[in-house]
Amino acid sequence: MWKWLHPYAKPEVTYHFCAKLIPWLWLFTFGLLVVGTVWGLAFSPEDYQQGDTVRIMYIHVPAAIWSMGAYSSMAIAALIGFVWQIRLADMAISAIAPVGAGFTVIALLTGAIWGKPMWGTWWEWDARLTSELILFFQYIGIIALYHAFEDKQQGAKIVGILAIVGVINLPIIHFSVEWWQTLHQGASITKLEKPSVDTSLLWPLLLNILGFAFFFASLVCMRLRTEILSREQHRPWVKALVMEKSVDGV
Amino acid sequence: MNWWHVFFTVMKKEWLLSFRQKSDLINPLAFFLLVLTLFPIAVGPFPKLLQQIGPGVIWVAAVLATLLAAERMFKQSFHDGSLEQQALSSVPFSLTLIAKVVANWFVLLVPLILISPVTLMFFHLNFEIWFVTILTLIIGGLTIFLFSAVGAALTVSLHRGSVLMALLVIPLYIPVLIFATGAINAASLGFAYHGQLAILGAMMIVSLLAAPFAMSTAIRVGLG
């Protein structure tokens with residue numbers, strides 16, 4: 001496996017590999033999100049208690065899941081960069097962070113819109129809401145720290161340390177906040193036994209969760225490509241690439 | 001070389017530095033008192049209300065003072081080059097750093113505790129609540145200081161790092177804050193609060209073990 005993986009540690013290879021991957025990723029993103037969202041918003045039955053408001057779930061839950069998934073993938077990238085000193089992994093951190101922050105904002109906003117009719121309040125100091133908000137602040141911290149460094153290589157390493165410290169703290173924050181206060185409903189689909197969501201609502205939700213995963217992957221691939229280009233701009237292969245493109249353009 | 005000897009030598013040097021530069025000693029304290037004064041003015045001088053928010057306000061003020069004290073901990077030694085020498089020496093760098101952190105924490109904590117009886121009057125607290133607040137500050141405060149030190153280490157090579165550092169470390173404070181105020185609330189209701197104190201102690205031990213490595217890695221990267 002290492003032999004197979006090893007070439008991708010080279011930014012140039014990954015740059016071209018991402019270019020090949022992106023159309024497929026977008027195809028899956030649109031396919032899944034269109035089917036899942038249309039199914040969820042228009043054709044799935046409404047909830048007997050929540051009525052049509054339940055449909056916010058089809059956006060809210062995937063965004064919330066991948067806001068955390070993005071943070072874990074960022075921490076994994078940081079760990080890889082830290083242990084094996086792979087520059088590309090450091091670049092991945094700065095590619096992932098703003099996407100994760102965006103998902104967190106979507107989760108928070110849709111949650112507030114859902115909370116107003118259901119709980120009667122836009123915001124409640126509840127465990128999950130609070131830890132999602134803290135997650136958002138952690139993303140902001142990482143993005144701000146990265147941009148504060150002029151030497152991007154140094155900045156990426158520093159940000160990696162912060163991401164690892166943050167990921168150790170994330171479960172502690174989560175459980176302490178849970179102990180502090182809770183109002184949010186428990187997990188409905190990740191339980192190992194039969195999910196407590198009816199299958200007619202579950203299918204579009206699962207499609208959207210998968211769709212958001214591809215959405216995340218496509219955005220990160222695109223951001224990673226620009227990150228590679230800007231970080232490697234003095235390397236010969238980038239110069240060659242630019243020359244080639246400009247000759248094509250003329 | 002005996003590592004305890006190194007530890008105490010570094011601590012002694014840090015103490016000497018803070019006593020020679022009295023502003024390091026006094027500024028965070030004055031800041032602490034000022035923040036405490038702001039709250040009664042902002043929310044109104046009602047004894048019942050002040051009694052209720054008092055311990056939380058003391059904690060917030062202490063956390064902000066910690067942030068202020070930790071921020072300049074590595075700055076000077078980074079710029080005069082002594083931090084680089086310590087990083088290059090044969091003594092483990094994380095040992096030097098932890099000695100620095102513990103020394104600076106004492107420099108902040110001891111005056112803070114000495115001055116804290118004023119909160120008895122400011123917020124009309126009773127003695128028991130004040131005692132628990134100080135207890136949580138002693139146990140949980142070191143964790144807060146360690147997190148702040150990691151933040152300071154991350155931003156040490158930046159010229160304008162202070163606001164950024166607050167942004168990085170304040171989210172990490174939350175678990176400590178929750179359990180500290182949890183202990184205080186339990187005490188004010190007459191319940192046992194040893195459980196919360198034990199959790200604060202556990203957090204302190206884990207952060208004492210983990211923070212030195214994060215700090216030394218960050219500073220090494222910062223030194224380039």
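User: How should I read a buried area between two chains?

Analyst: Buried area is the accessible area that two parts lose on being put together, summed over both. Keep in mind that this model is predicted. Here, chain B and chain A bury about 2000 Å² between them, and 85% of that is on carbon and sulfur atoms.

User: Which three residues supply more of the area that chain B buries against chain A than any other three?

Analyst: They are B:Leu154, B:Ile178 and B:Val221, and together they supply 26% of the area on the chain B side.

User: And how many residues does each chain bring to the contact?

Analyst: Chain B brings 23 residues and chain A brings 24.

User: How do I look for polar links across such an interface?

Analyst: A good habit is to check salt bridges and polar contacts separately. For chain B and chain A, the rule finds zero salt bridges. It does find two residue pairs in polar contact across this interface, both at pLDDT 80 or more.

User: Which helices of chain B each supply at least two residues of the side that touches chain A?

Analyst: Look at helix H8 (127-154), helix H9 (162-188) and helix H10 (194-223) of chain B. The largest share comes from H9(B), with 10 residues. Sorted by class, this side of chain B has 16 nonpolar residues, seven polar ones and no charged ones.

User: Now for cavities. How many of 30 Å³ or more are found in the whole structure?

Analyst: The search finds four. The largest cavity holds about 60 Å³ of space.

User: What lines the largest cavity?

Analyst: Try selecting the lining in the viewer, chain by chain. From chain A come A:Tyr71, A:Phe137, A:Gln138, A:Gly141, A:Ile142, A:Leu162 and A:Gly166, while chain B gives B:Leu167, B:Leu168, B:Pro171 and B:Leu172. Two or more lining residues come from each of helix H5 (127-148) and helix H6 (152-180) of chain A, and from H9 of chain B. The lining has eight nonpolar residues, three polar ones and no charged ones.

User: Can we read the second largest cavity in the same way?

Analyst: Yes, start with its volume: about 50 Å³ of space. Its lining residues include B:Trp59, B:Trp105, B:Leu137 and B:Ile144. Helix H3 (47-71), helix H6 (93-115) and H8 of chain B each supply at least two lining residues, and H3(B) gives the most, with four. By class, this lining has eight nonpolar, two polar and no charged residues.

How values were computed. Residues are numbered from 1 along each chain as its sequence is written. Chains are lettered from A and ligands numbered from 1 in the order in which they are written. This is a predicted model: local features need pLDDT of at least 70, side-chain atom pairs count only at pLDDT 80 or more; totals for chains, interfaces and linings use all residues. Side-chain values use heavy atoms; hydrogens and water are left out. Contact means heavy atoms within 4.5 Å. Buried area is the accessible area (1.4 Å probe) that two parts lose on being put together, summed over both. A salt bridge is a side-chain nitrogen of Lys or Arg within 4 Å of a carboxyl oxygen of Asp or Glu. A polar contact is a pair of N or O atoms within 3.5 Å; within protein, one must be able to donate a hydrogen and the other to accept it, and residues adjacent in sequence count only if both atoms are side-chain atoms. Ala, Val, Leu, Ile, Met, Phe, Trp, Tyr, Cys and Pro count as nonpolar, Asp, Glu, Lys and Arg as charged, and the others, Gly among them, as polar. On a 1 Å grid over the protein atoms alone, a cavity is a set of points where a 1.4 Å probe fits but cannot get out, and a pocket is an open set with protein on both sides within 12 Å along at least five of seven lines; lining residues have an atom within 4 Å of a point. Grid points are joined across faces, edges and corners, and a volume is the space filled by probe spheres set on the points.
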